[in-house]
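Trainee: I am new to this structure and would be grateful for a close look at a single part of it. Could you please take me through the largest pocket and the aromatic residues that belong to the same picture?

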Amino acid sequence: MSEPEYKAPDLLLVGESHIAAYRETDGDTGYLWNGVPTLLLTTTGRSSGLPRTSALIFGRDGDDYLVVASMGGAPEHPMWYRNLLAHPRAEIQVKAEHIPVVARTAGDDERARLWSIMVEGWPNYDVYQTRTERIIPVVVLTPS
């Protein structure tokens with residue numbers, strides 16, 4: 001089996017600038033990022049208790065939203081994922097809509113199917129998985 005091919009994204013809109021543009025325009029700027037849809041996920045900091053927002057690529061599975069805790073294949077889980085493990089109630093913004101959600105990590109029985117949904121939209125996830133020994137979590141965000 002061959003290695004998945006990495007496609008470098010355009011990084012002109014990332015991090016705080018992505019979040020700010022998304023919020024200011026209700027997603028007119030920032031919803032589509034490198035051709036894929038993104039949402040804003042606001043978690044509660046597990047230590048600080050303060051709101052923390054991340055712009056993330058998402059997919060859909062029925063009414064649920066899916067995000068991937070890849071951090072580019074880093075050896076550690078991203079902070080937003082660790083925050084969700086401590087406080088699974090969060091909020092997402094999809095364009096202008098603010099949606100309260102409850103997060104859970106996809107179980108082994110469903111991960112492969114949900115992973116394929118996410119890789120279809122962002123093939124780099126397969127590359128990220130080759131960069132780390134951890135199993136990259138797929139997170140299911142269910143509107144509450």
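Mentor: A pocket here is an open set of grid points with protein on both sides within 12 Å along at least five of seven lines, and its lining residues have an atom within 4 Å of a point. The model is predicted. In it, the largest pocket has a volume of about 650 Å³. Its lining consists of 26 residues, and those nearest the centre are Trp33, Ala55, Leu56, Met71 and Gly72. Two or more lining residues come from each of helix H1 (15-25), strand E3 (51-57), helix H2 (79-86) and helix H4. Strand E3 gives the largest share, 5 residues. By class, 18 of the lining residues are nonpolar, 7 are polar and 1 is charged.

Trp33, one of the residues nearest the centre of the pocket, also leads to the aromatic pairs, of which the structure holds 6. The ring centres of Trp33 and Trp122 are 5.4 Å apart and the planes stand at 40°, so this pair is tilted. Because Trp33 belongs to strand E1 (residues 32-33) and Trp122 to the loop between helix H3 (108-121) and helix H4 (124-130), the pair ties together parts that are 89 residues apart in sequence. Trp33 and Trp122 are both buried.

A further aromatic pair, Trp80 with Tyr81, is edge-to-face, with 6.3 Å from centre to centre and 85° between the planes. Trp80 and Tyr81 are likewise buried.

Methods:
Residues numbered from 1 in each chain as written. Predicted model: local features only at pLDDT ≥ 70, side-chain atom pairs only at ≥ 80, totals over all residues. Heavy atoms only, no water. Phe/Tyr/Trp six-rings, centres within 6.5 Å; stacked < 30°, edge-to-face > 60°. Helix = DSSP H or I, 4+ residues; strand = E, 2+ residues; numbered from the N terminus. Buried < 20%, exposed > 50% of the residue type's maximum accessible area, 1.4 Å probe, protein only. 1 Å grid on protein atoms, 1.4 Å probe; cavity = no way out; pocket = protein on both sides within 12 Å on 5 of 7 lines; lining within 4 Å. Points joined across faces, edges and corners; volume = space filled by probe spheres on them. Nonpolar A, V, L, I, M, F, W, Y, C, P; charged D, E, K, R; others polar.
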